There are 2 protein chains.
Amino acid sequence: MPGPQTARLTAKGEATRRRIVEGAAEVLREQGVAVTTLDDVRSRTGTSKSQLFHYFPDGKEALLLAVARYEADRVIDDQMPHLARLDSWEAWHRWRDAVVERYEAQGDHCPMSALFLHIGRQHPGTRAVVVELLRRWQEDLGAGIRALQANGLLPPSLDVDQAAAAMLAAVQGGVSIMLSTGSSLHLRAALDWGILQLRAAGGAAVA
Amino acid sequence: MPGPQTARLTAKGEATRRRIVEGAAEVLREQGVAVTTLDDVRSRTGTSKSQLFHYFPDGKEALLLAVARYEADRVIDDQMPHLARLDSWEAWHRWRDAVVERYEAQGDHCPMSALFLHIGRQHPGTRAVVVELLRRWQEDLGAGIRALQANGLLPPSLDVDQAAAAMLAAVQGGVSIMLSTGSSLHLRAALDWGILQLRAAGGAAVA
DNA sequence: GTTAGAATGGACCGGCCAGTCCAGTCCTCC
DNA sequence: GGAGGACTGGACTGGCCGGTCCATTCTAAC
């Protein structure tokens, strides 16, 4: 679904555009949105000012939006193998490990939150990207909980949407605290506690 | 503990300084850190450039740090009446309501996260403010859980620190999702789920 | 009432950086 | 092979904004 806006791009152009987005994402992750200039992106990607504006005629903001989209896709892609089949407690724990690992590796640079906080609310485009990301994420968590129910590991009476929303909030909170404190302690606690409570809700059916 | 750095301030000076911090906090809450200039602060607070630098010789960053401290105090102060005695389930629910109410009123402008994300990691001072805020918050939550245990509403075997950390993460996550989506749904879900699970851990002792 | 120093006003500066422009090169399609 | 358009290079500009400076007024203490 890259769509029509890239219609007039040559293969070469496409490559350059991608190079710009990926390079910009790197720089942004390293030094943060606030202090990153187009010149930083330019020198990192080996491009000229005119190229930046050739591929992003609407300027810096449009480039940042493109980077936000790129990063949002990566968030889901990274977890997809685990998120896709959360149908056993083992799978949930593997997902937990993957999340912790990813964010620990990422350290205190969360590209999404930084990008969002920066262009955030005023720009509807960015908000849409974040909302969509969260929606997909929560949907997958909900599907996982339903899978547990289907497998008899959780009672059907459980409020799936609430549980999925809470779990998503726990992850987000853990990450955001990690960004502030530099420690993944809360992220781990939130995930462990969340899964633990879910298992407790499953009662004696726990394997 | 306002301390020695304000030693040479006249009463008038003290008032001006406070006016600057509070006015700056307002502006920042309204339009965000990224786009706020010293001139905005100046005109809002009815001060001159030289006043700003008279009271904050280290410039804009120092002013932002002062605002961060101010806002951090407000966060705790707002919840203190509820946070201080979380010794019954009713108290927990009242706290929940207070948190939801506060953040809903605040809308999508979280001064703390915005400030932190902006000057954040590089500046050790800001990080210290956030870390301290989170520490106090979690400490109070932990005290509340222990109070529940003391009142026989929760089993002593419960891992207090983990539960408190998870609860804090849930709140933070709910808020940060609210900042992104504009909806308090996740904040509510996270709090409700968290308290619900806590009560469930209390077993039949639930009133 | 005088004086030291705090408080204030506001003009000014200088760097930074997003965005412009034009000149030149490289595709690609006919 | 040539023409149109995509692609690239890089000099240039214009505004914005943090920070400086000095002149003036106010405050408080003796």
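Let's start where the protein meets DNA: on the surface near DNA strand C, helix 3 of chain B gives the most, with four residues. Keep in mind that this is a predicted model. On the other strand, helix 3 of chain A gives the most to the surface near DNA strand D, again with four residues. Chains A and B are related by a rotation of 180°, and that is the relation of a two-fold axis.

**Around DNA strand C**
- DNA strand C has 22 residues around it, and the closest are A:Leu38, A:Gly59, B:Thr10, B:Gly13 and B:Ser50.
- Chain A brings helix 2 (38-45) and helix 3 (49-55) to this surface, while chain B brings helix 1 (11-31) and helix 3 (49-55), each giving two or more residues.
- By class, the surface near DNA strand C splits into 12 polar, six charged and four nonpolar residues.

**Around DNA strand D**
- DNA strand D is surrounded by 23 residues, with A:Thr10, A:Gly13, A:Ser50, B:Leu38 and B:Gly59 the closest.
- The elements that give two or more residues here are helix 1 (11-31) and helix 3 of chain A, plus helix 1, helix 2 (38-45) and helix 3 of chain B.
- The surface near DNA strand D is made up of 12 polar, seven charged and four nonpolar residues.

**Where the two chains touch**
- Each partner puts in its share of the contact: 36 residues come from chain B and 36 residues from chain A.
- On the side of chain B that touches chain A, the elements giving two or more residues are helix 6 (111-119), helix 7 (124-150), helix 8 (160-181) and helix 9 (185-201).
- Helix 8 of chain B supplies the largest share of that side, at 15 residues.
- Sorted by class, the side of chain B that touches chain A holds 20 nonpolar, 12 polar and four charged residues.

**How the two copies line up**
- To lay chain B over chain A, turn it by 180° with 0.0 Å of shift along the axis; the RMSD is then 0.1 Å.
- That pairing is what you'd call the relation of a two-fold axis.
- The same surface serves both copies, as 100% of the contact residues of chain B recur in chain A.
- Looking for the axis itself? Among the residues of chain B, B:Gly173 comes closest to it, with its C-alpha at 1.7 Å.

**Helix 1 against helix 2 in chain B**
- Helix 1 and helix 2 of chain B pack at an angle of about 115°, and their axes are 9 Å apart.
- The crossing of helix 1 and helix 2 of chain B is right-handed.
- From helix 1 of chain B come B:Arg19, B:Ile20, B:Gly23, B:Ala24, B:Glu26 and B:Val27, which meet B:Asp40, B:Val41, B:Arg44 and B:Thr45 of helix 2.
- The residues of this helix 1 and helix 2 contact in chain B divide into four nonpolar, four charged and two polar.

**Chain A as a whole**
- Chain A is built with nine helices and zero strands, so to speak a run of α-α-α-α-α-α-α-α-α along the sequence.
- Taken along the principal axes, the C-alpha atoms of chain A fill a box of roughly 65 × 40 × 30 Å.
- Chain A has 207 residues, and 38% of them count as buried.
- Of the contacts in chain A with a separation of 6 or more, 58% link residues 24 or more positions apart.

Note on methods: Residues are numbered from 1 along each chain as its sequence is written. Chains are lettered from A and ligands numbered from 1 in the order in which they are written. This is a predicted model: local features need pLDDT of at least 70, side-chain atom pairs count only at pLDDT 80 or more; totals for chains, interfaces and linings use all residues. Two residues are in contact if their C-beta atoms, placed from the backbone, lie within 7 Å. Ala, Val, Leu, Ile, Met, Phe, Trp, Tyr, Cys and Pro count as nonpolar, Asp, Glu, Lys and Arg as charged, and the others, Gly among them, as polar. Copies are superposed by least squares on the C-alpha atoms of residues with pLDDT of at least 70 in both. A residue is near a molecule or strand if its C-beta atom, placed from the backbone, lies within 6 Å of it. Axes are lines fitted to C-alpha atoms, for helices over the stretch in contact, and angles run from 0 to 180 degrees between N-to-C directions. A crossing is left-handed if the near helix is turned anticlockwise from the far one by less than a right angle, and right-handed if clockwise. A residue is buried if 20 or more other C-beta atoms lie within 10 Å of its own, exposed if 12 or fewer, and partly exposed in between; C-beta atoms are placed from the backbone.
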